[in-house]
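Please consult the sequence and the model while reading the following account. It proceeds from the overall chain to its sheets and then to the surroundings of the ligand.

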Amino acid sequence: TDNYAVFGQPISHSKSPRIHKLFAEQTGQLMDYVAQEVPAENFTAATTHFFAEGGKGLNCTVPLKELAWQYADQLTERARQAKAVNTLARQADGSILGDNTDGIGLLNDLTVNHGIELKGAKILILGAGGATRGIVPPLLEQQPSALVIANRNVGKAQTIAADFAALGEMQACDYASLIDRQFDLIINATSASLSGDLPPLPAALLNTGGSCYDLAYANQATAFVKWGLANNAAHSLDGLGMLVEQAAEAFYIWRGVRPQTTPVIGLLNDERE
Ligand code: ATR
């Protein structure tokens, strides 16, 4: 049996072992996938140990994605751009490839699963941390008509806009500047949602027929998903679909087989209360 794992901290509530078990059953792959609590200071030792013991692939989540980016021997283009890695794969020659499947996971959930049009859309991202860095390049590739990054600390949003300027045009602003602006898609990439908080969002920020997407997910609706529902979003989604889609992409990198995501998303949705 081939061994896989997800490293992170905290990790006990991770749905990744369940998702990969469902993928393995569905595709008839013989593999084991476990969650392991790994604090940042142990990342290098734990990862080296994992691969030395014959491990085939790792997912890395908070707070390890930047460390995984540094660890990889080779990077895919999208991982290089994101400066973050969520998937490590041992290659035939023993070297470790780093990839980032978060961006494609988000795109697949938005466009394939929910039919949300990105080309020509006015898109707003809330927050300017690591999660935002991961999704800016794939979103710009879809040619939105505007991409705005709002953050409390506007300097961090400006830095991201400058870092990715070669890929397309972005604006950076604070929350107060959002008054009188409208967007077709608002993506919450702040870490506020998990503690039940919400950035200060003006009314009428969401266009009629627009959608909201929270990169975070929880068993109950997040504060931002509730905001979207209260503001008549056509779709107000949390990040469960993205989680399954990024996992499917990692599974494909490791196993060369593409699992079906719809039944797995359906099952996980049924399991939450
Ligand atoms: P991640 O890697 O998940 O993006 P991060 O790099 O710590 O995490 O970034 C967290 C983001 O959430 C930041 O943009 C932060 O805003 P500041 O840069 O201004 O601190 C944002 N954030 C966290 N709590 C928030 C809150 N209560 N309201 C608004 N933004 C918040």
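In this predicted model, the chain contains 10 helices and 12 strands. Along its principal axes, the C-alpha trace spans about 55 × 40 × 30 Å. A compact globule of 273 residues would have a radius of gyration near 19 Å, and the value of 18 Å for this chain therefore agrees with that expectation.

A UniProt record, an unreviewed entry, lists residues 6-88 as "domain: Shikimate dehydrogenase substrate binding N-terminal". Over residues 6-88, the chain is 42% helix and 22% strand, with the end C-alpha atoms 10 Å apart.

One open sheet is built from six strands in the order β2-β1-β3-β5-β6-β4, and its pairing is mixed. Its edges are occupied by β2 (31-37) and β4 (74-75); each has a single partner strand, so one side of each lacks a neighbour in the sheet. Seven bridges link β2 in the parallel sense to strand β1, which comprises residues 2-8. Within this pairing, Y4 has Y33 of β2 as its bridge partner. Helix α1 (residues 16-27) packs on the sheet, where it touches β1, β2 and β3 (57-60), and its direction makes about 175 degrees with that of β2. A further helix, α9 (residues 240-255), lies across β1, β3, β5 (87-90) and β6 (96-99) and runs at about 10 degrees to β5.

A second group of six strands also forms an open sheet, with the order β9-β8-β7-β10-β11-β12 and parallel pairing. Here β9 (171-173) and β12 (235-237) stand at the edges; because each has a single partner strand, one side of each is left without a neighbour in the sheet. Neighbouring strands of this sheet are turned against each other by 20 degrees on average, direction ignored. Strand β11 (residues 206-214) and β12 run parallel and are joined by three bridges, and S211 stands opposite H235 in β12. Helix α6 packs on this sheet and touches β7 (122-126), β8 (146-150) and β10 (183-188), its direction making about 170 degrees with that of β8.

Which element gives the most residues to the shell around the ligand? It is helix α6 (residues 130-141), which supplies three residues. There are 16 residues around the ligand, of which G129, G130, R152, T190 and A192 come nearest. By class, this shell has five nonpolar, eight polar and three charged residues.

Key: Residues are numbered from 1 along each chain as its sequence is written. This is a predicted model: local features need pLDDT of at least 70, side-chain atom pairs count only at pLDDT 80 or more; totals for chains, interfaces and linings use all residues. UniProt positions are given in the numbering used here, feature names are shortened, and annotations may be inferred rather than shown by experiment. Helices (H or I, at least four residues) and strands (E, at least two) are DSSP runs, numbered from the N terminus. Two strands pair if DSSP finds at least two bridges between them. Two residues are in contact if their C-beta atoms, placed from the backbone, lie within 7 Å. Axes are lines fitted to C-alpha atoms, for helices over the stretch in contact, and angles run from 0 to 180 degrees between N-to-C directions. A residue is near a molecule or strand if its C-beta atom, placed from the backbone, lies within 6 Å of it. Ala, Val, Leu, Ile, Met, Phe, Trp, Tyr, Cys and Pro count as nonpolar, Asp, Glu, Lys and Arg as charged, and the others, Gly among them, as polar. The radius of gyration is taken over C-alpha atoms; the globule rule is 2.2 Å times the number of residues to the power 0.38.
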